[in-house]
Amino acid sequence: MSEQHVVTCTVCPNGCEITVTVENGQAVSVSGNRCKRGEPYAKAEVVNPVRTLTALVRLNGGECAMCPVKTSRPVFKKDLKALAEKALSITVDAPVRCGDVLVSDFDGNGADLLAARSIGAKG
Amino acid sequence: MTDKPVVIVGGGPAGLIAATAAAEQGANVILVDREKHAGGILNQCIHTGFGLAFYKEELTGPEFAERAAASALVKGVKFMNETSVLSVSGKTVSVINEHGVSDIDAGAVVLCTGCRERPRGALHIPGTRPAGVYTAGLAQKLVNIAGFLPGKRIVILGSGDIGLIMARRLTLEGAEVLAVVEVMPAPGGLRRNIVQCLDDFGIPLYLSHTVTDIRGKNRVEGVTIAKVDEKFNPVEGTSFDLDCDTLLLSVGLIPENEIAETAGAEIDPASNGMLVDENLMTTVDGVFGCGNALHVHNLVDDLAVEAAQAGKNAALYAAGHVFAPCTIPVVNDGAFGNVVPARVSGTQPAVIRFRVRRPQKGAAVSVGTFSKRFAHLQPNTMESVTVPADAFTDKKEAVLCLNNTL
């Protein structure tokens, strides 16, 4: 049996409405995507949705109190809240450079936690 | 002639990109910014979704800002940080910083002063005046830069993109977002933000609803929400209370043009944006404007294209280039909320940017002999058309028309 799901693509601001055909728990085809990046997104969305997490870690001795971070690749949507909470429990020392790996394998599935802004030390 | 600098006012994305574009033309460029670090509001927009068109890569706000600032530096832009512009008179830019007040004699000026959030005072919400009512952008700064959570139980009024983004941010940082309340029948923010910021976390969105009362003495204790009719009046018998400690307002952005006013630039009373011609020059000779100070953009990538045009033209002007006179007014047929530019020359292709007032399916936007069909047009999305010079057949006015083609 095949069934169809409509998902709104969040990969880019176009926000395409993509129809995914699922057969036996497998996403077999997609339609309605205006670019090819919509296909893997829509297929994952009906099977096991993923998102890039952006969050904050605390910064010690920096020009700002917080340093924005992101995961190096998308993580499971169901883990977002727990991972954001985990990020907030981390304190790193200033200075940081944008792109620094702050935690490797942050989610247990190979996504690293990267600094997303360069922030100097205070003073 | 060419020795006088192009002065860029504002170090957000519009300012950084305008400065880079001006420097690429060989101009001597000074960027004046009141903040210590360039990037403007991007530094507090820690979510992704920036740069897909401009840098061909999905970036967070701070990453976009860092790249834009690095490009400006490489091209030789001189930064005057922690410096406020007091006024612009002719092409003299008066600034103040820790060294005192000084004047810069500019060859051209680009105003990139961004926008401000509409505050509670503009909304006429009845109730008490407790602590705990914030604009969404202020809450964003508190959370993402300062590391404070503004509250634990939060209601958001308005479904603009910043409000939606903050619903997700606050949820991820440990607060509970009880509801997003939108007076219009459709969300103000992008569809993708409804999905990834509200639906992902099960946050309810109440369309055609508004906040009719704010309760609490020292701190917000709760709000009353009611359904509204087509005239946006609350419908009796539909109200309900939510106990919360914080109300965020995401109810619109207004171009910030105090400096443009000191220069004597004409402001559009409807949008509060500067009136510019097809070269993005204001009504003051040699003073240009771009970015959210002109009209509020959805995407920094679109804003970047506009800012680059303004920066390039400012450099050309400073080098002595004379633009064709823009004598043809661009007239809105009434279907559009906002149209930029206000005047064109009819001698070169002109980019016309607009928003429709009401959602449209299968509509054509036309000017003179030019027409372009759009499958969808949404009031929450800015669109543009590039109109060739020979389409401006009427030299008295260029009417931007919306025609339903279904």
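Me: Contact means heavy atoms within 4.5 Å. Leaving aside its neighbours within four places in sequence, which residues is L275(B) in contact with?
Reply: Keep in mind that this is a predicted model. L275(B) sits in the loop between α6 (258-263) and β20 (287-289) of chain B. Once the neighbours within four places in sequence are set aside, its contacts are E266(B), I267(B), D268(B), M281(B), T282(B), T283(B), A342(B) and R343(B).

Me: What distance separates the C-alpha atoms of L275(B) and D213(B)?
Reply: Along the chain, L275(B) and D213(B) are 62 residues apart. In space, the separation of their C-alpha atoms comes to 38 Å.

Me: How is chain B split by the domain assignment, and how far apart are the centres of domain 2 and domain 3 of chain B?
Reply: The assignment gives chain B a domain 1 in two stretches, 1-117 and 253-323. Domain 2 takes 119-251 and domain 3 takes 325-406. Going by C-alpha atoms, the centres of domain 2 and domain 3 of chain B are separated by 35 Å.

Me: And for chain A, how far apart do the C-alpha centres of domain 1 and domain 2 lie?
Reply: Chain A divides into domain 1 (2-47) and domain 2 (54-115). Between the C-alpha centres of those two domains of chain A, the distance is 29 Å.

Me: Which are the edge strands of the open sheet in chain A?
Reply: Read across the sheet and you get β8-β5-β6-β10-β9 of chain A, five strands with mixed pairing. An edge strand pairs on one side only, and in chain A that applies to β8 (91-93) and β9 (101-103).

Me: By how many degrees are neighbouring strands of this sheet turned against each other on average?
Reply: Direction is ignored for this one. With that convention, the average turn between neighbouring strands of the sheet is 45 degrees.

Me: What stands opposite V57(A) in β6(A)?
Reply: Strand β5 (residues 54-60) and strand β6 (residues 66-71) of chain A are antiparallel partners, with five bridges between them. Facing V57(A) from β6(A) is C67(A).

Me: Which helix of chain B packs on that sheet, touching β5 and β6 of chain A?
Reply: Its direction makes about 85 degrees with that of β6(A). The helix runs over residues 136-146 of chain B, and its name is α3.

Me: Over in strands β1 and β2 of chain A, what stands opposite E3(A)?
Reply: Strand β1 (residues 2-8) and strand β2 (residues 17-23) of chain A run antiparallel and share seven bridges. In β2(A), the residue across from E3(A) is V22(A).

Me: Which residue in β3(A) is the bridge partner of T21(A)?
Reply: β2(A) is also joined by five bridges to strand β3 (residues 26-31) of chain A, again antiparallel. Within β3(A), T21(A) is partnered with S29(A).

Me: What value does phi of N24(A) take?
Reply: N24(A) belongs to the loop between β2 and β3 of chain A. That hairpin has two residues between its strands. Most residues other than glycine have a negative phi. N24(A) is not a glycine, yet its phi is positive, near 50 degrees.

Me: Is α1(B) roughly parallel or roughly antiparallel to α2(B)?
Reply: Helix α1 (residues 13-24) and helix α2 (residues 61-74) of chain B pack at about 25 degrees, axes 8 Å apart. Angles under 35 degrees count as roughly parallel, so α1(B) relative to α2(B) is roughly parallel.

Me: By class, how do the residues of the contact of α1(B) with α2(B) divide?
Reply: From α1(B) come P13(B), L16(B), I17(B) and T20(B), meeting residues of α2(B) that include F64(B), A65(B) and A68(B). The tally for this contact is eight nonpolar, two polar and no charged.

Me: Is the crossing of α4(B) and α5(B) left-handed or right-handed?
Reply: Helix α4 (residues 161-172) and helix α5 (residues 191-198) of chain B pack at about 20 degrees, with 8 Å between axes. That makes the pair roughly parallel. As for handedness, the crossing of α4(B) and α5(B) is left-handed.

Me: Where does the cis bond before P341(B) sit, and what is its omega?
Reply: Most peptide bonds are trans. P341(B) is in the loop between β22 (336-340) and β23 (343-344) of chain B. The cis bond joins V340(B) to P341(B), with omega about 5 degrees.

Terms used:
Residues are numbered from 1 along each chain as its sequence is written. Chains are lettered from A and ligands numbered from 1 in the order in which they are written. This is a predicted model: local features need pLDDT of at least 70, side-chain atom pairs count only at pLDDT 80 or more; totals for chains, interfaces and linings use all residues. Side-chain values use heavy atoms; hydrogens and water are left out. Two strands pair if DSSP finds at least two bridges between them. Helices (H or I, at least four residues) and strands (E, at least two) are DSSP runs, numbered from the N terminus. Axes are lines fitted to C-alpha atoms, for helices over the stretch in contact, and angles run from 0 to 180 degrees between N-to-C directions. Angles under 35 degrees count as roughly parallel, over 145 as roughly antiparallel, 65 to 115 as roughly perpendicular and the rest as oblique. Ala, Val, Leu, Ile, Met, Phe, Trp, Tyr, Cys and Pro count as nonpolar, Asp, Glu, Lys and Arg as charged, and the others, Gly among them, as polar. Domain bounds come from an automatic or database domain assignment. A crossing is left-handed if the near helix is turned anticlockwise from the far one by less than a right angle, and right-handed if clockwise.
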